[in-house]
Amino acid sequence: MSKSLLVISRQAPWSGPSAREALDIVLAGGAFDLPIGLLFLDDGVFQLATSQDAKAVQQKDLSANLQALSLFGIDDVFACRHSLNERGLVSPASAQPLSSEQIHEMIDRYEQVITL
Amino acid sequence: MKFAIALFSAAHAPSSRRALLFAQAALAGGHEIVRLFFYQDGVYSASSNIVAPQDEQDIASQWRAFVSEHQLDGVVCIAAALRRGVLNAEEATRYQRSAVNLDAPWALSGLGQLHDAAQAADRLICFGGP
Amino acid sequence: MSTLHVVSHSPFTDSRLNSCLRLCGAQDAILLCGDGAYALQAASAPFQALQAKGLKVFVLAEDSQARNLPVPAWADSVDYPAFVQLSINYDKVNTWL
C-alpha cells in the first residue's frame with residue numbers, strides 16, 4: 001500500500017519557482033500513481049484566481065499544469081476557505097474549499113506532508 | 001527508523017546546517033537515512049564551488065563529508081539544479097555551460113527519487129527556510 | 001494521527017506560525033527553531049497566541065539559547081537527539097518551509 005502525501009502550496013503563482021515546483025512534486029507523484037493531495041493555502045490560493053495573464057510578466061502560465069492534475073489522477077485538490085476570503089477570492093472551480101477544521105482533519109488523514 | 005530527509009535551502013541558510021545536524025543525530029541514534037533529496041534552493045547546498053568565509057561554517061563541505069563518510073544516497077533534483085545553474089560534468093557538456101559545480105558524492109536525478117524515498121521511509125522530514 | 005509542525009520563520013515578519021496555529025489539532029505539537037524561536041519573546045502576541053492554544057510546544061535549545069530567550073514553563077527545550085525522537089513520536093512532521 002502506497003503512503004499518501006499531501007502537498008501544501010502557499011506561494012502566489014509568480015513569487016519565484018515555488019508554485020511550479022510544488023506542482024511538479026504533485027505531478028511526479030501522480031505519474032507514479034501515488035495517492036497525492038494538493039492544498040492551496042495562504043497566498044497559494046492566488047494560483048487559482050481567474051483571468052490571470054502570466055505573459056504580461058513573461059512568466060509561465062501554470063493553469064495548464066493545474067489542468068493536468070486530473071489527467072495524472074490527482075483529484076484531491078483543496079483550497080483554504082479562510083485564505084480565499086482573506087484575499088477576496090471566490091470559490092475556485094478546480095479546488096474544493098475547506099474550513100480550517102476540515103483542513104486539520106484532512107491533514108490528519110495523510111501519512112506525509114510537504115508544505116512549501 | 002528509516003528517514004527520508006529533503007532539503008530546500010542553500011548551504012548558508014541556518015536550516016541547511018539544522019538538517020545536517022538532524023541527519024547526524026539520526027545516524028548516531030541508530031536510525032537509517034534512506035536518501036537525502038535536495039530540492040529548490042537545496043541544490044545550492046550541494047555546490048562544489050562555495051567558498052565560505054574563514055570565520056563561518058562551511059556547510060556544503062560538511063554535507064559532502066557526511067554523505068561520503070556514511071555512503072549515503074545524496075540526490076539533487078536535476079530540474080531544480082539546472083534552473084539554478086548547478087551542473088555536473090554531464091549536464092555542463094549537454095548544455096554547453098562553462099563550469100561544473102556539482103561533483104561526487106552528489107547524483108542528479110528526478111523528483112521520482114523524492115517519492116521513492118518517501119515511500120521507503122518511516123518518516124519524511126523537510127528542512128528549508130531560515 | 002498527530003503532527004509535529006516545525007516553524008523556523010520569525011512570527012513578527014511572517015504568517016506561517018499564524019496559519020499553523022489555525023490548522024493545528026489538539027494532538028499536534030509545534031517545534032520552534034531558527035527565527036521561529038522568537039515566538040517565545042515574552043509577552044509578545046505570538047507568545048500569547050502559543051500559550052493560549054494550549055498545544056505542546058518545543059523549541060530547539062540552540063536557538064532559544066542563541067537568542068537569549070527564556071523557555072517558559074509550558075514549552076520544552078530539545079536538542080538534536082530529542083528532535084529526532086520527536087519526529088518518531090509524532091506520526092508525521094510538517095515543516096513550514
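Axes here are lines fitted to C-alpha atoms, for helices over the stretch in contact, and angles run from 0 to 180 degrees between N-to-C directions. The model is predicted.

**Helix contact between chains B and C**

Two packed helices are described by the angle between their axes and the distance between the axes. Helix α1 of chain B spans residues 14–28, and helix α4 of chain C spans residues 80–89. Their axes come within 9 Å of each other and cross at roughly 80°. Because angles of 65 to 115 degrees count as roughly perpendicular, α1(B) is roughly perpendicular to α4(C).

On the chain B side, the contact involves B:L21, B:F22, B:A25 and B:A26 of α1(B). These meet C:Y80, C:P81, C:F83 and C:V84 of α4(C). By residue class, the contact of α1(B) with α4(C) holds eight nonpolar residues, with no polar and no charged ones.

**Chain C as a whole**

Chain C contains four helices and five strands. Along the sequence, these elements of chain C follow the pattern β-α-β-α-β-α-β-α-β. The radius of gyration of chain C is close to the value from the globule rule for 97 residues, so chain C is as compact as a globular protein of that length.

| Property of chain C | Value |
|---|---|
| Radius of gyration | 12 Å |
| Globule rule for 97 residues | 13 Å |
| Box filled by C-alpha atoms, along the principal axes | roughly 30 × 30 × 25 Å |
| Buried residues, of 97 residues | 47% |

Among contacts in chain C between residues at least 6 apart in sequence, 65% join residues at least 24 apart.

Key: Residues numbered from 1 in each chain as written. Chains lettered and ligands numbered in written order. Predicted model: local features only at pLDDT ≥ 70, side-chain atom pairs only at ≥ 80, totals over all residues. Helix = DSSP H or I, 4+ residues; strand = E, 2+ residues; numbered from the N terminus. Parallel < 35°, antiparallel > 145°, perpendicular 65-115°, else oblique. Contact = placed C-beta atoms within 7 Å. Nonpolar A, V, L, I, M, F, W, Y, C, P; charged D, E, K, R; others polar. Rg over C-alpha atoms; globule rule 2.2 N^0.38 Å. Buried ≥ 20, exposed ≤ 12 C-beta atoms within 10 Å, placed from the backbone.
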